[in-house]
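The turns below ask why certain labels apply to a structure. Each reply sets a value against its definition.

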Amino acid sequence: MKRETIYILAIESSCDDTAAAVLADRKVISNVVATQKIHGQYGGVVPELASRAHQQNIVPVVHQALTIANIDKKQLSAIAFTRGPGLMGSLLVGTSFAKSLALGLNIPLIEVNHMQAHILAHFIEGEESAKAPPFPFLAMTISGGHTQIVLVRDYFKMEILGETLDDAVGEAFDKSAKILGLPYPGGPLIDKYAKLGDSNRFPFPRPKVDGLDFSFSGLKTSILYFVRKGVKGNPNFINENLNDICASIQYTIVEILMNKLQRAVKQTGIDQIAIGGGVSANSGIRQALKDAEKSKGWTTYIPKFEYCTDNAAMIGIVGYLKYKQGDFANLAVSAKARYIIE
Ligand code: KG4
Ligand code: ZN
């Protein structure tokens, strides 16, 4: 007898992207993301504006995801949604929407931890069945909201080995970019200019943090003082040195990440490394991981870009895995701004 396909509608609204996706088992059949442009002019995400934009976007985004998938609501097996971590006002929009839809359709509701989803995105079935990491592996999630190294023993057996004590790595990129007068989000621009610059020109100090934790706030401060001093001596300092400054910042950040990864490999004896989150798009970290395959013998896994940045397909794959286990949420479930992986 042929097994019935499981159709999951997934909803993500933890920060400034309103996203919906439909999965048929492990395969993504639609993946819609509405990125909120409004925050650009403020130099960062404004929580109140984010939740308002989610309210405007959620119905059209879900509708579009169902239309592209070419399936009717009645065919859905379950609704998966991001319960946390994230901005409370933003999470509430997706949570309430998912709950009412599940109630209306009388189908199961599945709550998803956003950080777990960034990691489990590696198990989405790709067009060419992209290789998924074997258990156990190390996952490094690097984005505007998170920086963690996680030991992944199984789909839902994860242990956080280290995380940032202050800024996330994406924030380090974005705040450095802001100091240089670049628009938000500045990470991709630093990457762009870094390609043209000399990464050894301006040495920045490395944070001294024990174990596998990270810290980026000191780096940001030293960049601020460095730029202030440069501009004091030469008002055109930034313009004349932009490529070299960006290359030096990126080099420093990549080195901080790679050093911690190396330490994690040493500590655990695991050299299967998966990354996720928006900063995975950075050419410096990608190159460093590729180099480590050759020089250190690691095997590295980088998901497709659309599954690295915030998206609902990654929420959908967790939905599918939980559906198979019968792990459903109660309709009384509430959003959780701080939601730690257990
Ligand atoms: O995962 P994501 O879309 O959203 C969050 O959960 O934060 O990550 C966005 C972050 C931003 O900080 C952005 O500047 C950074 O990812 N980012 C990059 C690059 N592309 C995106 N940072 C450095 N280099 C890039 N190429
Ligand atoms: Zn994220």
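What follows concerns one lysine and one sheet.

This is a predicted model, in which local features need pLDDT of at least 70, side-chain atom pairs count only at pLDDT 80 or more, and totals for chains, interfaces and linings use all residues. Residues are numbered from 1 along each chain as its sequence is written, and side-chain values use heavy atoms, with hydrogens and water left out.

Q: Why is Lys 260 said to have no salt bridge?
A: A salt bridge needs a side-chain nitrogen of Lys or Arg within 4 Å of a carboxyl oxygen of Asp or Glu. The nearest side chain of opposite charge, Asp 210, is 7.0 Å from Lys 260, so the definition is not met. Lys 260 is nevertheless buried (under 20% relative accessible area, 1.4 Å probe, protein chains only).

Q: What makes the pair of Lys 260 and Val 209 a polar contact?
A: The term covers N or O atoms within 3.5 Å, one able to donate a hydrogen and the other to accept it. The backbone oxygen of Val 209 lies 2.8 Å from a polar side-chain atom of Lys 260, so the distance is within the limit.

Q: Why do β3 and β5 count as edges of the sheet?
A: The order is β3-β2-β1-β4-β5, an open sheet with mixed pairing. β3 (27-35) and β5 (109-113) each have a single partner strand, so one side of each lacks a neighbour in the sheet.

Q: How do you know that β1 and β4 pair?
A: Pairing requires at least two DSSP bridges. Strands β1 (residues 7-12) and β4 (residues 78-84) share 4 bridges, in the parallel sense, so they qualify.

Note on methods. Chains are lettered from A and ligands numbered from 1 in the order in which they are written. Buried means under 20% relative accessible area, exposed over 50%, partly exposed in between (1.4 Å probe, protein chains only). Lys and Arg count as positive and Asp and Glu as negative; His and the chain ends are not counted. Helices (H or I, at least four residues) and strands (E, at least two) are DSSP runs, numbered from the N terminus.
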